[in-house]
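Here's a set of exercises to work through with the model open in your viewer. Try each task before you read its solution.

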There are 2 protein chains.
Amino acid sequence: MYAMPASKTTYHHGDLRAACVSAAMELLEESGETALSLRAVARRAGVSPAAPYRHYADREALVSAVAAVGYRELAERLAAAHPSPSTTEQLTSVAVAYVQFALERPALFRMMFGEPCDRDNDERIAATAAVTLYLREIVVRTFPQADTEALATAIWALVHGLAFLHLEGKLDSSDPSAVANRVTATIQALMTATSLAKL
Amino acid sequence: MYAMPASKTTYHHGDLRAACVSAAMELLEESGETALSLRAVARRAGVSPAAPYRHYADREALVSAVAAVGYRELAERLAAAHPSPSTTEQLTSVAVAYVQFALERPALFRMMFGEPCDRDNDERIAATAAVTLYLREIVVRTFPQADTEALATAIWALVHGLAFLHLEGKLDSSDPSAVANRVTATIQALMTATSLAKL
DNA sequence: ACTCGAATGTTTACGATGCTCACATTACAT
DNA sequence: ATGTAATGTGAGCATCGTAAACATTCGAGT
């Protein structure tokens with residue numbers, strides 16, 4: 001994918017910028033977030049500890065870049081679950097995908113959401129906007145007469161919260177299929193709760 | 001509250017264990033989570049860098065202790081909003097309190113939920129159990145005929161997600177009253193969505 | 001083709017951190 | 001009173017983020 005003479009040891013790397021996020025992503029998946037240091041990234045990219053600073057202002061900038069990739073991959077994952085859901089059932093399958101993503105790549109997910117970071121980072125803003133939009137469209141199709149804005153955030157919050165509670169061990173996440181069942185049951189419960197509420 | 005001769009400089013601190021969590025909590029509130037280092041805690045407690053290790057195995061153990069305090073304070077905050085809600089309105093006020101807690105003490109909240117940590121820490125387990133229980137009781141009263149388990153996690157997830165999305169800047173949190181409105185609107189939207197859904 | 005500035009990497013260095021170990025001091029149980 | 005366990009100190013190690021000065025290479029303009 002990247003044009004790079006592979007093994008020829010050149011002084012200039014070729015595409016350190018991209019290599020850094022790749023390395024960072026690998027470290028993240030292999031050894032968790034504590035393993036993600038700029039120095040480790042540099043080592044893995046076969047470059048001196050200071051080199052990454054030519055491409056990222058500081059550690060946080062790199063983290064933002066990684067998070068941005070994470071957002072894109074999350075979006076793909078959701079789309080793979082269902083490109084344009086319009087029933088609660090389809091919506092549920094997307095929700096399950098969301099939670100599964102979080103559980104399969106916990107370190108990445110936490111980088112994306114758990115840390116205080118550049119809210120101003122363009123990549124991040126663009127990437128999250130995509131997720132937001134996707135969600136809003138779902139809501140419009142599934143609940144055409146509802147308050148789109150409010151319901152979209154409600155659903156995002158619900159699913160996001162489910163992901164986090166599983167991640168944090170508040171909800172058992174040892175068995176993936178059990179998780180899927182719980183997610184669907186949870187959504188189901190909410191959907192039927194209205195009629196039972198004491199207002 | 002703690003028996004301690006205040007200013008007399010004794011070799012032994014008196015209650016370093018407690019002093020550490022206090023210092024840690026202060027650092028957290030004053031300067032954010034990056035400021036929370038074991039060394040800084042030791043400094044603030046007026047003690048050598050190695051001293052805290054007599055009471056906490058490592059940084060994570062201290063963090064867990066701080067988080068446990070956070071859980072207790074969160075529980076108090078929720079109870080203050082309403083000791084035993086039994087209508088959706090009262091439930092909503094508790095939800096608002098939850099989100100406000102997160103926004104007023106973001107660093108603490110992130111320590112409590114955003115980091116991977118001792119799931120086995122007894123203090124933490126006990127503290128979260130209290131929150132869980134409180135929530136479950138709310139659900140039983142408010143939705144007596146619903147699937148308690150599922151609905152309780154649904155509501156927790158929803159509120160927790162709302163808190164995190166605000167924290168992360170996904171939802172604007174500059175104006176506290178606007179946040180309160182959004183939270184109520186969000187819950188409201190969910191409560192009325194069922195009847196509009198395409199099943 | 002040549003030159004020279006801009007981009008990109010390297011080296012070295014500083015201060016801070018988590019944590020360990022050997023040692024000092026104190027409290028308490030006998 | 002005495003000795004052992006609890007608690008605090010000091011020095012030290014590896015790692016980290018980051019900055020500054022220097023080296024190498026790329027590419028644009030002649």
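## Exercises on a predicted model

**Exercise 1. Work out the secondary structure of chain A and how much of the chain is buried.**

Keep in mind that this is a predicted model. Start by counting elements: chain A has 8 helices and 0 strands. Reading along the sequence, you get α-α-α-α-α-α-α-α. Next comes burial, where 43% of the 199 residues in chain A count as buried. Last, look at contacts with a separation of 6 or more: in chain A, 63% of them are between residues 24 or more positions apart.

**Exercise 2. Decide where in chain A you'd hold back from reading the coordinates closely.**

Begin with the overall score: the average pLDDT of chain A is 88, and 90% of the residues score at least 70. Then find the weak spot, residues 1-7 of chain A, where the pLDDT is below 50. Beyond near neighbours in sequence, that stretch has 4 contacts in the model. Where pLDDT is low, predicted coordinates shouldn't be read in detail.

**Exercise 3. Describe the side of chain A that touches chain B, then find how the two copies are related.**

Step one is the count: 41 residues of chain A contact 42 residues of chain B. Step two is to ask which elements of chain A give two or more residues to this side, and they are helix H5 (106-113), helix H6 (122-142), helix H7 (148-167) and helix H8 (176-193). H7(A) gives the largest share, 12 residues. Sorted by class, this side of chain A has 21 nonpolar, 14 polar and 6 charged residues.

Now for the symmetry. Chain A superposes on chain B with a rotation of 180° and 0.0 Å of shift along the axis, at an RMSD of 0.1 Å. The two copies are therefore related as by a two-fold rotation axis. Check the interface too: 100% of the interface residues of chain A are also interface residues in chain B, so the copies meet through the same surface.

**Exercise 4. Compare the spans of two helices, H4(A) and H7(B), with what you'd expect, and look at their burial.**

Take helix H4 of chain A, residues 88-104. Its 17 residues reach 24 Å from first C-alpha to last, close to the 24 Å expected at 1.5 Å a residue. Buried residues in H4(A) include A:Leu91, A:Val94, A:Ala95, A:Tyr98 and A:Phe101.

Then do helix H7 of chain B, residues 148-167. This one has 20 residues and reaches 28 Å, close to the expected 28 Å. H7(B) is mostly covered, with 18 of its 20 residues buried. Step just past the end of H7(B) and you'll meet B:Gly169, which takes a positive phi of about 85°.

**Exercise 5. Sort B:Leu28, B:Leu74 and B:Glu60 into buried or partly exposed, and place each in its surroundings.**

The cut-off you need is this: a residue is buried if 20 or more other C-beta atoms lie within 10 Å of its own.

- B:Leu28 sits in helix H1 (residues 16-31) of chain B. B:Leu28 has 23 C-beta neighbours inside 10 Å, so it counts as buried. Not counting residues up to four places away in sequence, its contacts include B:Leu36, B:Val66, B:Leu108 and B:Met111. B:Met111 is 83 residues from B:Leu28 along the chain, yet their C-alpha atoms are separated by 9.2 Å.
- B:Leu74 lies in helix H3 of chain B. With 23 C-beta neighbours inside 10 Å, B:Leu74 counts as buried. Leaving aside neighbours within four places in sequence, B:Leu74 is in contact with B:Phe101 and B:Val131. B:Leu74 and B:Thr128 are 54 residues apart in sequence and 9.9 Å apart in space, C-alpha to C-alpha.
- B:Glu60 is in helix H3 (residues 59-81) of chain B. B:Glu60 has 14 other C-beta atoms within 10 Å, so it is partly exposed. B:Glu60 and B:Thr10 are 50 residues apart in sequence and 28 Å apart from C-alpha to C-alpha.

**Exercise 6. Characterise the surroundings of DNA strand C.**

Count first: 22 residues surround DNA strand C, and the closest are A:His13, A:Ser48, A:Ala50, B:Ser37 and B:Asp58. Then look for the main contributor, helix H2 (residues 38-44) of chain B, which gives the largest share with 3 residues. Finish with the classes: 12 nonpolar, 6 polar and 4 charged residues make up this surface.

How values were computed. Residues are numbered from 1 along each chain as its sequence is written. Chains are lettered from A and ligands numbered from 1 in the order in which they are written. This is a predicted model: local features need pLDDT of at least 70, side-chain atom pairs count only at pLDDT 80 or more; totals for chains, interfaces and linings use all residues. A residue is near a molecule or strand if its C-beta atom, placed from the backbone, lies within 6 Å of it. Helices (H or I, at least four residues) and strands (E, at least two) are DSSP runs, numbered from the N terminus. Ala, Val, Leu, Ile, Met, Phe, Trp, Tyr, Cys and Pro count as nonpolar, Asp, Glu, Lys and Arg as charged, and the others, Gly among them, as polar. A residue is buried if 20 or more other C-beta atoms lie within 10 Å of its own, exposed if 12 or fewer, and partly exposed in between; C-beta atoms are placed from the backbone. Two residues are in contact if their C-beta atoms, placed from the backbone, lie within 7 Å. The expected span of a helix is 1.5 Å times one less than its number of residues. Copies are superposed by least squares on the C-alpha atoms of residues with pLDDT of at least 70 in both. pLDDT is the predictor's confidence in each residue, from 0 to 100.
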